[in-house]
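This briefing introduces the aromatic rings of one protein chain and the residues that surround them. Please view the structure below before reading the points that follow.

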Amino acid sequence: MTTDRNSEFTEFVSAREGWLRRLAFMLCHDWHSADDLVQATITRLYVRWHQAAAADNVDAYVRTMLVREFLHERRTNWARRVLVTEQVPTVQARVPDQDAAIDLETALARLAPRQRAVLVLRFHCDLSVEQSAALLNCSQGNVKSQTARALAALRRVMDPAPPRSSAPVRR
């Protein structure tokens, strides 16, 4: 029975590793941190594989584990001790507008972890407010307000106010 469990687990992880890495990168904005996050999630998944395999949607179960692990790591003291650089990570896939993609990645990196998680779930994973709330273990109103705040912050960063005119002031 253990061999079947291990082969089933190995097959699932092999098939989903790329997807998990991309999702983790969207949250972390760093490939090394994303790899660490995926590894921690896979380790936890192995321990809970019998529960995950019995779930209606194994991908949703694992995605929930990944997001919760990300948020947990951001709450721990470890995240406060690690220095994060402003260096933008390299993007593997071609994006038609590289400058806009880099600006967006930089802006996302400035968001609070929970706001970043809400945006990734809502717009990258295409989850509903209800699904995001269930995954984050919070109210639907909280998801809506976090989404609104995160989008407002992105707009401020992406489209700063035009510079004020330098016309002389009359006295």
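In this predicted model, ring pairs join F9, F12, Y46 and W49 into a cluster. The structure holds four aromatic pairs. Two of these pairs, F9 with Y46 and F12 with W49, are described below, followed by the arginines that lie over ring faces.

**The pair of F9 and Y46**
- The ring centres of F9 and Y46 are 5.0 Å apart, and the planes meet at 75 degrees; because this angle is over 60 degrees, the pair is edge-to-face.
- F9 belongs to helix α1 (residues 2-28) and Y46 to helix α2 (residues 31-47), so that the pair links distant parts of the chain, 37 residues apart.
- F9 is buried, at a relative accessible area of 10%, whereas Y46 is partly exposed, with a relative accessibility of 33%.

**The pair of F12 and W49**
- F12 and W49 form a tilted aromatic pair, with 45 degrees between the planes and 5.4 Å from centre to centre.
- Because F12 lies in helix α1 and W49 in helix α3 (residues 49-54), this pair ties together parts that are 37 residues apart in sequence.
- Both F12 and W49 are buried.

**Arginines over ring faces**
- R5 lies over the face of Y46, 4.8 Å from the ring centre; Y46 is also a member of the cluster.
- R122 is placed over the face of F123, at 5.7 Å from the centre of that ring.

Definitions and conventions. Residues are numbered from 1 along each chain as its sequence is written. This is a predicted model: local features need pLDDT of at least 70, side-chain atom pairs count only at pLDDT 80 or more; totals for chains, interfaces and linings use all residues. Side-chain values use heavy atoms; hydrogens and water are left out. Rings of Phe, Tyr and Trp (its six-membered ring) pair if their centres lie within 6.5 Å; planes under 30 degrees apart count as stacked, over 60 as edge-to-face and the rest as tilted. Helices (H or I, at least four residues) and strands (E, at least two) are DSSP runs, numbered from the N terminus. Buried means under 20% relative accessible area, exposed over 50%, partly exposed in between (1.4 Å probe, protein chains only). A charge sits over a ring if NZ of Lys or CZ of Arg is within 6 Å of the ring centre and within 35 degrees of the ring normal.
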